[in-house]
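Work through these exercises with the structure open. Each task is followed by a solution in steps.

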Amino acid sequence: MENAAFLSWMAWTWPTAAFFLFIFLCLVGMSVWEYYSPGGTPRHGILGLDTTRGDRLFISLLGSAFIFLAWLGLVGTPLWGPLAIALVYAFAVFKWV
Amino acid sequence: MNKTVNQKAWFFVLPVVLLVAFNAIIPLMTVVNFSVQETFGDNMFFWAGVRWFEQVLQSERFHAALGRQILFTAIVLLIEIPLGLAIALTMPRKGPWVSVCLVLMALPLLIPWNVVGAMWNIFALPDIGLLGRLINGLGIEYNYTRQIFSAWFTMVLMDVWHWTSLVVLLCYAGLVSIPDAYYQAAKVDGARPWAVFRYIQLPKLKYVLTIAILLRFMDSFMIYTEAVVLTGGGPGNATTFLSIDLQKIALGQFDLGPAGAMSIIYFLIILFFSWLFYTLMMKDEAR
């Protein structure tokens, strides 16, 4: 990445680029999902909140970030454990919240 | 009824998207990139993985700074929100005193942060400051440069002086917008002042109070300039809040990696609390 002078100040790495690409693809995926199968209007979930699909994505991503941080603070690396928990958590959020 | 599909409006959002990209998203991405690397300057970076996150999350120093930050924000919110609401309730709604009160209330908000810090720094000095001399004159030992409690007291007092006005102005705007018919109905029913407050004013103020709590939470959680000018984080580390600690790591020690990791954790905490407050307070609105 060093040869791209324009971007070198941002100090890009492949893993961080992949991370942002993943978030971007999530947003695109949500748009495509909503286009082909509308149903993103708010619904009343188990937390007593009215959430849209976008809200649930936000709750999933933010919660996952805290799952990873908690794991790093309490256990450390490797991070397969929190990845599994985060995936289960995101699934649960989309299913029931 | 057929809905017209017209997606051209999206183009009107484009300037905002570009602005947010340049002032928020690109810097945030850069911080994320810093947080997984080590640098010794000269734009040379070395991969470090999640080491900085581990280091920050497991450090006593971070826990202490976070604890102080949460305590400060909690104290400030507990004082400023009820006080601001109380002042707004006692302010006149009609007559020439309205402008006088509003201008007086707006004055602290117009003063730059570093000036507020400098003012309170001098005002509270135990030997020449008015407040410091007064408190010491009452027989209470007070020196914010040496005593932890005095430093916290001064810091909270300064923040209350600077920002309660914001809560007052927001609540006042909310109060003024309540139609007279509500009060007339309350009068017909013979409602006492407390009932008027509890069942008319407070529910109508819900949204401005949401905004006030959110703004005060975010601002006090990110307090930097006033605290640095007033105490510089001292005595010892007694008033070293997260932002001050972050600045010491990022610019004092030039540890961009740990500072990046700390920034992201800091950002996520603010994001979480802002979402929580907003969601809890807007919960009933959707129904």
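**Exercise 1. Find the partner of Arg216(B) in a salt bridge and place the pair in the chain.**

Solution.
- Step 1. This is a predicted model. In it, the side chains of Arg216(B) and Asp219(B) meet in a salt bridge, at 3.6 Å from N to O.
- Step 2. Check that distance against the cut-off: a salt bridge needs the nitrogen within 4 Å of a carboxyl oxygen.
- Step 3. Locate the pair. Both residues belong to helix 10 (residues 206-221) of chain B. They are three residues apart, so about one helical turn separates them.
- Step 4. Classify each residue. Buried means under 20% relative accessible area. Arg216(B) has 1%, so Arg216(B) is buried. Asp219(B) has 32% and is partly exposed.
- Step 5. Widen the view. Arg216(B) and Asp219(B) belong to a network of salt bridges that also includes Glu80(B) and Asp159(B).

**Exercise 2. Which parts of chain B does the salt bridge between Arg61(B) and Asp245(B) tie together?**

Solution.
- Step 1. Take the distance. The closest N and O atoms of Arg61(B) and Asp245(B) are 2.9 Å apart.
- Step 2. Assign the helices. Arg61(B) lies in helix 3 (residues 60-90) of chain B, and Asp245(B) lies in helix 12 (residues 242-252) of chain B. The pair therefore ties together parts 184 residues apart in sequence.
- Step 3. Compare exposure. Arg61(B) is partly exposed at 38% relative accessible area. Asp245(B) is buried at 4%.
- Step 4. Set this against the whole chain. Chain B has 13 helices and two strands. Of its contacts between residues at least 6 apart in sequence, 68% join residues at least 24 apart.

**Exercise 3. Is Arg53(A) buried or exposed, and where does its salt-bridge partner lie?**

Solution.
- Step 1. Name the partner. Arg53(A) forms a salt bridge with Glu34(A), with the closest N and O atoms 2.9 Å apart.
- Step 2. Place both. Arg53(A) is in helix 3 (residues 53-74) of chain A, while Glu34(A) is in helix 2 (residues 14-36) of chain A, 19 residues away.
- Step 3. Read the accessibility. Arg53(A), at 10%, counts as buried. Glu34(A), at 30%, counts as partly exposed.

**Exercise 4. How many salt bridges join chain A and chain B?**

Solution.
- Step 1. Count over all chains: the whole structure has five salt bridges.
- Step 2. Count between chain A and chain B: zero.
- Step 3. Describe the contact. It takes 25 residues from chain A and 26 residues from chain B.
- Step 4. Add the area. The two chains bury about 2,300 Å² between them, 75% of it on carbon and sulfur atoms.
- Step 5. Find the main contributors in chain A. Met10(A), Leu69(A) and Leu72(A) lose the most area to chain B, together 21% of what that side buries.

How values were computed:
Residues numbered from 1 in each chain as written. Chains lettered and ligands numbered in written order. Predicted model: local features only at pLDDT ≥ 70, side-chain atom pairs only at ≥ 80, totals over all residues. Heavy atoms only, no water. Helix = DSSP H or I, 4+ residues; strand = E, 2+ residues; numbered from the N terminus. Contact = heavy atoms within 4.5 Å. Buried area = accessible area lost by both parts, 1.4 Å probe. Buried < 20%, exposed > 50% of the residue type's maximum accessible area, 1.4 Å probe, protein only.
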